[in-house]
Amino acid sequence: MGVFEKAFGLHLQGNLAETAALVDDEIYPIRLPQKPTYPCISYQLVAANRDHTQDGGSGLVEARYQFNCYASKYVDAKAIGEALRKDLDGFKGDVGTAPNIATIDGMFLENIQDGYDDELDVFWVTVDFTVLHTEEITR
């Protein structure tokens, strides 16, 4: 796991005031635990496009992160999605703690989708963000 992923994960665990009020610390990378406590969130990197110059990578990354908000009631899943929007849309700044510190140059809401999982008997709201950041380049 790279510095950005560690720093971003730390930010999600401790700096989302609106969201934390609804899910506490129930925010997980990629998948939920086997028996999750609802409401909760899972998140994953969907794509990471890297900018290049004639000399190679520029260090600029345009990443797409998907957040899946789960709750036993539809209204609660919607509230978590809205809280994520308030906490993350337009965010820019440093994230993480030493030695895992990274800078987000901008975070922008791209898409919101609602659904229901019959098997789990749970409602979900998926919220997608574009995250612009830089990474270290070695040549």
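1. Let me start with Phe 129: in this predicted model, Phe 129 is buried, with a relative accessible area of 0%. The ring partner to look at is Phe 67, which also counts as buried, at 1% relative accessibility. The two form an edge-to-face aromatic pair, 5.7 Å centre to centre and with 90 degrees between the planes. Phe 67 sits in strand 3 and Phe 129 in strand 6, so this pair ties together parts that are 62 residues apart in sequence.

2. Zooming out a little, the structure holds eight aromatic pairs. One aromatic cluster takes in Phe 4, Phe 8, Tyr 43, Tyr 65, Phe 67 and Phe 129.

3. Now the sheet itself. It is open, with six strands in the order 1-2-3-6-5-4 and mixed pairing. Strand 1 (27-29) and strand 4 (93-97) are at the edges with a single partner strand each, so one side of each has no neighbour in the sheet. From one strand to the next, the twist averages 40 degrees.

4. Strands 3 (residues 56-71) and 6 (residues 122-134) run antiparallel and are joined by twelve bridges. Within this pairing, Cys 69 stands opposite Val 125 of strand 6. Helix 1 (residues 3-14) packs on the sheet and touches strands 1, 2, 3, 4, 5 and 6. Its direction makes about 65 degrees with that of strand 5 (100-117).

5. How many salt bridges does a search of the whole structure find? Three. Arg 64 and Asp 128 form one of them, with the closest N and O atoms 3.3 Å apart. Arg 64 lies in strand 3 and Asp 128 in strand 6, so here too is a tie, between parts 64 residues apart in sequence. As for accessibility, Asp 128 is buried at 8%, whereas Arg 64 is partly exposed at 29%.

6. Another salt bridge is between the side chains of Asp 114 and Lys 78, at 3.2 Å from N to O. With Asp 114 in strand 5 and Lys 78 in helix 3 (residues 74-88), the pair ties together parts that are 36 residues apart in sequence. Asp 114 is partly exposed, at 31% relative accessible area, and Lys 78 counts as partly exposed at 33%.

7. Don't skip the pair inside helix 3: the side chains of Arg 85 and Glu 82 meet in a salt bridge of 2.5 Å, N to O. Being three residues apart in that helix, Arg 85 and Glu 82 are separated by about one helical turn. Arg 85 counts as partly exposed at 29% relative accessibility, and Glu 82 counts as partly exposed at 33%.

Note on methods. Residues are numbered from 1 along each chain as its sequence is written. This is a predicted model: local features need pLDDT of at least 70, side-chain atom pairs count only at pLDDT 80 or more; totals for chains, interfaces and linings use all residues. Side-chain values use heavy atoms; hydrogens and water are left out. Two strands pair if DSSP finds at least two bridges between them. Helices (H or I, at least four residues) and strands (E, at least two) are DSSP runs, numbered from the N terminus. Axes are lines fitted to C-alpha atoms, for helices over the stretch in contact, and angles run from 0 to 180 degrees between N-to-C directions. Contact means heavy atoms within 4.5 Å. Rings of Phe, Tyr and Trp (its six-membered ring) pair if their centres lie within 6.5 Å; planes under 30 degrees apart count as stacked, over 60 as edge-to-face and the rest as tilted. Buried means under 20% relative accessible area, exposed over 50%, partly exposed in between (1.4 Å probe, protein chains only). A salt bridge is a side-chain nitrogen of Lys or Arg within 4 Å of a carboxyl oxygen of Asp or Glu.
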